[in-house]
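Thanks for coming, everyone. I'll take you through one structure today. Please have a look at it first.

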Amino acid sequence: MIKNNKLKIAVASVVTLLPMLFGLIMWNKLPDVFTIHWAADGTPDGFASKAVGVFLMPAVLVLLFWLCLIITAKDPKNKNQSPKAITMVIWVVPAISVIMGVLVYGTALGFDINVSTLMCLLVGFMAITVGNYLPKCKQNYTIGIKIAWTLNSEENWNATHRFAGKVWFICGIFILVCAFLPSIIAAACMLAILVIMVALPFIYSYNYHKKEKRSGE
C-alpha cells in the first residue's frame, strides 16, 4: 500500500506539518499561551504554550498519520483494498491537521471564529465523505465497521457498509445543518446524530447476522 502511494503519502505528510510552518512564520505575532482545545459548546477549556501549540500538535498528528498507514499496510486483507478507501485513510489526518491549524491560529491571532459552527462543518463534511467511501471498502481488519458479524461474513460486511454509507451521508447533512443552530443546541444535536451513526449500522449488522443464521448460512 505504501509503495504504491509514495507521492500521495509524501504530500499528505507535508500537508499535515503545514500548521507547524505557519506557526514558525507567524511566531512573533502569536501569544505566548493560546487555546488548543474547546468544549462541545465552543468554550475554551485547554491551553498550551506557543512552543507546544506550534511544534507538538503537528508532530503528534504526523506520527498518528504514519501509525494509521503502517497498521493499514500490515493488514493482509488490504493488499487488494479499494484505492478510494486507501485514499480516505491517507487524507483524513492531514485534513484534520489543517482545519485544527486554522482554528487554533485563527483564535490565537484574534479572529472571531465560531468554534461550534466550524466543528459541525468539519464533522459533517467528514461524515459525508466517509459515507461515500464506506460501500467501497473491502472486508479487512483496519478500515470500516469491524465487528464480529461483518468480519465473519463477507455478505454481512458488504450489506452493512452499503447501509452505513447511506446513514453516514444523511447524518452528515444533518450535522451541517447543526452549524446554523445556537452552540449548545448544535453540540447536543451533533452528539445525538453521532450516536445514531454508530448505532444504526451496528443494529443492521446484527439483524443481518440473525437473518443469515436463520437461513443456515
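Let me start with the classes I'll use. Ala, Val, Leu, Ile, Met, Phe, Trp, Tyr, Cys and Pro count as nonpolar. Asp, Glu, Lys and Arg count as charged. The others are polar, and Gly is among them. With those classes, the lining of the largest cavity has seven nonpolar residues, three polar ones and no charged ones.

Keep in mind that this is a predicted model.

Now the overall layout. The protein chain has seven helices and two strands. From the N terminus, the order is α-β-β-α-α-α-α-α-α. Along the principal axes, the C-alpha atoms fill a box of roughly 70 × 45 × 20 Å. The protein chain has 217 residues, and 40% of them count as buried.

Back to the cavity. How many cavities of 30 Å³ or more does the structure hold? It holds one. The space inside the largest cavity is about 70 Å³. Which residues line the largest cavity? Early in the chain there is Pro 19. Then come Gly 53, Met 57, Pro 58 and Leu 61. Ser 97, Met 100, Gly 101, Val 104 and Tyr 105 complete the lining. Two elements give two or more residues here: helix H2, residues 50-74, and helix H3, residues 83-108. H3 gives the most, with five residues.

Next, the open space. The largest pocket has a volume of about 490 Å³. Its lining counts 20 residues. Which of them are the closest to the centre of the largest pocket? Those are Met 88, Val 92, Thr 142, Ile 143 and Gly 144. Four helices each supply at least two residues of this lining. They are H2, H3, H4 at 115-133 and H7 at 183-215. By class, the pocket lining divides into 16 nonpolar, three polar and one charged. So H2 and H3 come up again: each supplies at least two residues to the lining of the largest pocket, and each gives two or more to the lining of the largest cavity.

Let's move to the surface. There is a nonpolar patch made of Val 14, Leu 18, Leu 21, Ile 25, Val 98 and Val 102. Together they have about 530 Å² of accessible area. Which elements give two or more residues to the nonpolar patch? The answer is helix H1, residues 6-25, and H3. H1 gives the most, with four residues. On the H3 side, one of the patch residues is Val 102.

Leu 18 is the patch residue I'd like to pick out. Leu 18 lies in helix H1. Its relative accessible area is 38%, so Leu 18 is partly exposed. For a sense of distance, take Leu 18 and Thr 160. They are 142 residues apart along the chain, and their C-alpha atoms are separated by 37 Å.

Now the charged contact. How many salt bridges does a search of the whole structure find? It finds one. The side chains of Lys 50 and Asp 32 meet there, at 3.9 Å from N to O. Lys 50 lies in helix H2, and Asp 32 lies in the loop between H1 and strand S1, residues 33-38, so the pair ties together parts that are 18 residues apart in sequence.

Are these two partners buried or exposed? Lys 50 is buried, because its relative accessible area is 11% and the cut-off for buried is under 20%. Asp 32 is exposed, because its relative accessible area is 60% and exposed means over 50%. There is one more distance for Lys 50. From Lys 50 to Gly 23 is 27 residues in sequence and 8.7 Å in space, C-alpha to C-alpha.

One last residue, from helix H7: Ile 185. Is Ile 185 buried or partly exposed? At 44% relative accessibility, Ile 185 counts as partly exposed. Ile 185 and Ile 128 are 57 residues apart in sequence. In space, their C-alpha atoms are 21 Å apart.

To recap briefly. The largest cavity has no charged residue in its lining. The largest pocket has one. The search finds one salt bridge, and it pairs Lys 50 with Asp 32. That's my round-up; over to you.

Note on methods: Residues numbered from 1 in each chain as written. Predicted model: local features only at pLDDT ≥ 70, side-chain atom pairs only at ≥ 80, totals over all residues. Heavy atoms only, no water. 1 Å grid on protein atoms, 1.4 Å probe; cavity = no way out; pocket = protein on both sides within 12 Å on 5 of 7 lines; lining within 4 Å. Points joined across faces, edges and corners; volume = space filled by probe spheres on them. Patch = residues over 30% accessible without salt bridge, like charges linked within 9 Å, V, L, I, M, F, W, Y side chains within 5 Å. Areas by Shrake-Rupley, 256 points an atom, 1.4 Å probe, with all protein chains shown as cover. Salt bridge = Lys/Arg side-chain N within 4 Å of Asp/Glu carboxyl O. Buried < 20%, exposed > 50% of the residue type's maximum accessible area, 1.4 Å probe, protein only.
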